[in-house]
Amino acid sequence: MRREIIERQVKVMRERGWDALLSCSPESFAYVTGFLSPTQPLMRWRHAMALVTADGAVSLLVIDMEASTIAAKAPGADIAVWKEFSFDCMQVLSDLLKRRGLTAARIGIETDYLPAADYSDLTRLLPSARFEPAQAALARMRRIKTPAEIEVMRKLSRIADQSINEAFAAVRAGDSEMDLAAALTRGIYAHGAEYFKLMIIATGERSVFPNVGPTARRLQSGDVCRVEIFPIIDGYHVGVCRTAVVQVASKEANRIYNNLTACKHLVLNALKPGAGSGGIYDVYLKKLQELDLPPISFIGHGMGLHLHEDPYLGPTPDQPLEPGMVLAFEPLVFATGHGFGMQIKDVALITPTGCELLSDYTDTDRLIVVK
């Protein structure tokens, strides 16, 4: 169990008058335990929950299919097991809450994740308990990363950046997007990722599409290639995107890419403690206007156990940046008017004096060339 995270949760419980905090989502379960229940992200009904009480004690609720895996990862943990084909999850959960003396307690719970039918069953089984939404409090907790979280995200940033770089080097004109995807997949695992959640490969005329996977399309001279990958370790993600050109770049491709690098440096220089998230977005929009590039709905966002976390660098309520935040920022333009889209996506850690670029393997000041 991750004691630093548990201590954060205990502090929030004291502030809110909660007797316990029940983490229901895969992300929040991993936040407490340091690992995912393997199939919960794929099958929502395979509930895995972490119960933290106000005294810092932890109990886990897991499905029988995953019980041995969870027990091996959390030796000595208090684990309540429910049976998938007995459909008794809420009954086992209510029994656990009763055993922990929470029959009439105030309990924070992720009401945005637990299905309505399960929530209805739980409140029926524990009519005297008071369940209160906890998702906003959990999201705020996760904004500031612990040193251990930062090291995982530093490693993921290098994995993503290096793997994309090596994948571009492994293909040639005439190879397919699938060949590029194969090289990227090999690199992701070779460099230490557990798996990845999303791979975006968009080349040539497809580079204008934001979130598309690889096809049998073959690379042609002059193609712009956008590649993004989201590797995962212990439930944590980062996303890195790199843009390349096959053999030779057009004048417009070079011009637009150079403008994006100018935007990248603008944002990097703005990322520092106390800077307002909305203010950074406004500065970015002004720069886009100067460069005659179309505006985008946001320039960056937090990352961690979710692909997108607060704060957003966009038209959202202004939030001051704080040391320990890890942000993705992504100067991009899909609608260039020239039949291609471009994107640079990096990962930065807010430090006490500014920021540290975590995705620093590739020199993105120059457009990558595929031979």
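No disulfides were found in this predicted model: the count comes to 0, where a disulfide requires two cysteine sulfur atoms within 2.5 Å. Cys225 takes part in no disulfide, and the cysteine sulfur nearest to that of Cys225, belonging to Cys241, is 11 Å away. The converse holds for Cys241, which is likewise in no disulfide and has the sulfur of Cys225 as its nearest cysteine sulfur, at 11 Å. Cys225 counts as buried because its relative accessibility is 1%. Cys241 counts as buried because its relative accessibility is 0%. In general, a disulfide is a covalent bond between the sulfur atoms of two cysteines.

At the level of the whole chain, the secondary structure comprises 10 helices and 18 strands. The C-alpha trace spans about 70 × 40 × 30 Å along its principal axes. The radius of gyration of the chain is 23 Å, which agrees with the value near 21 Å for a compact globule of 371 residues. Buried residues account for 55% of the 371 residues. Among contacts with a separation of 6 or more, 67% are between residues 24 or more positions apart.

Helix H9 covers residues 251-270, a run of 20 residues. From the first C-alpha of H9 to the last, the helix reaches 29 Å, close to the 28 Å expected at 1.5 Å a residue. The buried residues of H9 are Ala253, Ile256, Tyr257, Asn259, Leu260, Thr261, Cys263, Lys264, Val267 and Leu268. An α-helix has 3.6 residues a turn, so residues three or four places apart point the same way.

Lys264 of this buried set is joined through its side chain to that of Thr364 by a polar contact of 2.7 Å. Thr364 is located in the loop between strand S17 (355-357) and strand S18 (368-370). Thr364 counts as buried because its relative accessibility is 5%, under the 20% cut-off. Leaving out residues up to four places away in sequence, Thr364 touches Tyr257, Thr261 and Lys264, together with Arg242, Ile344 and Asp346.

Strands S11 (residues 300-302) and S12 (residues 309-313) pair in the antiparallel sense, with 3 bridges. The two strands form a hairpin, with 6 residues between S11 and S12. Within this pair, Gly300 stands opposite Leu313 in S12. The loop between S12 and strand S13 (326-329) contains Thr316. Thr316 counts as partly exposed because its relative accessibility is 33%, a value between the cut-offs of 20% and 50%. The C-alpha atom of Thr316 is separated by 9.0 Å from that of Phe298, and the two residues are 18 residues apart along the chain.

Met49 lies in strand S2, which covers residues 49-53. Met49 is buried because its relative accessible area is 0%. With neighbours within four places in sequence set aside, the contacts of Met49 include Leu22, Ser23, Cys24 and Phe29. Met49 is also in contact with Ser59, Leu60, Leu61, Met90, Leu93 and Leu114. The C-alpha atoms of Met49 and Ser28 are separated by 8.3 Å, and the two residues are 21 residues apart along the chain. In a regular strand the side chains alternate between the two faces of the sheet.

Methods: Residues are numbered from 1 along each chain as its sequence is written. This is a predicted model: local features need pLDDT of at least 70, side-chain atom pairs count only at pLDDT 80 or more; totals for chains, interfaces and linings use all residues. Side-chain values use heavy atoms; hydrogens and water are left out. Buried means under 20% relative accessible area, exposed over 50%, partly exposed in between (1.4 Å probe, protein chains only). Helices (H or I, at least four residues) and strands (E, at least two) are DSSP runs, numbered from the N terminus. The expected span of a helix is 1.5 Å times one less than its number of residues. A polar contact is a pair of N or O atoms within 3.5 Å; within protein, one must be able to donate a hydrogen and the other to accept it, and residues adjacent in sequence count only if both atoms are side-chain atoms. Contact means heavy atoms within 4.5 Å. Two strands pair if DSSP finds at least two bridges between them. The radius of gyration is taken over C-alpha atoms; the globule rule is 2.2 Å times the number of residues to the power 0.38.
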